Each structure stands twice: as C-alpha cells, then as structure tokens.
Amino acid sequence: MAVGRMRRDRSLTLEGLAAASGVSRQTILNVENNHKTVSLDTAHRLAFALGVPLPELVGHLLEDGT
C-alpha cells in the first residue's frame, strides 16, 4: 500500500510511475497489492521515480509485508 499511497500523493498514474521508473505497470500493481516481493533493483527504481530515499521506501515495504 505504501507505494500506491506515495504514487497517489504525487498525482501519478500507474502508467506514469511505470514510465518514470522503468518498472512494468503490472509489477507496480503487484507491489501495491502486496502480491510480489520487491527486488532491490525494483525498489531503487521506484524510490528514485517517487523522489524518496531508498531506505524510506524499503522501510514502508517491510511494514507492508512486501
């Protein structure tokens, strides 16, 4: 949920975040719904695209159980 919340807070669509991060729309959707374990590379790409430090994003992902 953290990635989805951050994405919406930045008024990004799934497509917008996918384009900015180079991560597929389906992977982002799976991460947002806690259906996928996130690789370090994917987390780094999402953090950069969302403008948040990697440790902050990883902390949220761990809290969400991703």
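A crossing of two helices is called left-handed if the near helix is turned anticlockwise from the far one by less than a right angle, and right-handed if it is turned clockwise. In the predicted model described here, the crossing of helices H2 and H4 is right-handed. The contact between them involves Leu17, Ala20 and Ser21 on the side of H2, and Arg45, Leu46, Ala49 and Leu50 on the side of H4. By character, the residues of this contact divide into 5 nonpolar, 1 polar and 1 charged. Two packed helices are described by the angle between their axes and by the distance between the axes. For H2 and H4, the axes come within 8 Å and cross at roughly 110°. Because angles of 65 to 115 degrees count as roughly perpendicular, H2 is described as roughly perpendicular to H4.

Salt bridges were considered next, and a search of the whole structure finds 3 of them. In one, Glu32 pairs with Arg7, with the closest N and O atoms 2.7 Å apart. Since Glu32 belongs to helix H3 (residues 25-32) and Arg7 to helix H1 (residues 2-9), this pair ties together parts of the structure that are 25 residues apart in sequence. Residues under 20% relative accessible area count as buried, and Glu32, at 7% relative accessibility, therefore falls in that class. Arg7, with a relative accessibility of 10%, likewise counts as buried, so that the salt bridge between Glu32 and Arg7 joins two buried residues.

Helix H3 also takes part in the salt bridge formed by Glu15 with Arg25, in which the closest N and O atoms are 3.0 Å apart. Here Glu15 lies in helix H2 (residues 14-21) and Arg25 in H3, so the pair ties together parts that are 10 residues apart in sequence. With a relative accessibility of 47%, Glu15 counts as partly exposed, and Arg25, with a relative accessible area of 37%, is partly exposed as well.

The salt bridge between the side chains of Asp41 and Arg45, with an N to O distance of 3.0 Å, is placed within a single helix, as both residues lie in H4 (residues 40-50). They are separated by 4 residues, which corresponds to about one turn of the helix. Asp41 has a relative accessibility of 46% and counts as partly exposed, and Arg45, at 35%, is also classed as partly exposed. Arg45 is, in addition, among the residues of H4 that make the contact with H2, and H4 thus contributes this residue both to that contact and to a salt bridge.

Backbone geometry was examined last. Most residues other than glycine have a negative phi. Against this background, Ser11 has a phi near 55°, a positive value in a residue other than glycine. Ser11 is found in the loop between H1 and H2, where, with a relative accessible area of 68%, the residue is exposed. A positive phi of about 55° is also found for Asn34, although this residue is not a glycine. Asn34 lies in the loop between H3 and H4 and, at 34% relative accessibility, counts as partly exposed.

Methods. Residues numbered from 1 in each chain as written. Predicted model: local features only at pLDDT ≥ 70, side-chain atom pairs only at ≥ 80, totals over all residues. Heavy atoms only, no water. Salt bridge = Lys/Arg side-chain N within 4 Å of Asp/Glu carboxyl O. Helix = DSSP H or I, 4+ residues; strand = E, 2+ residues; numbered from the N terminus. Buried < 20%, exposed > 50% of the residue type's maximum accessible area, 1.4 Å probe, protein only. Axes fitted to C-alpha atoms, helices over the stretch in contact; angles between N-to-C directions. Parallel < 35°, antiparallel > 145°, perpendicular 65-115°, else oblique. Contact = heavy atoms within 4.5 Å. Nonpolar A, V, L, I, M, F, W, Y, C, P; charged D, E, K, R; others polar.
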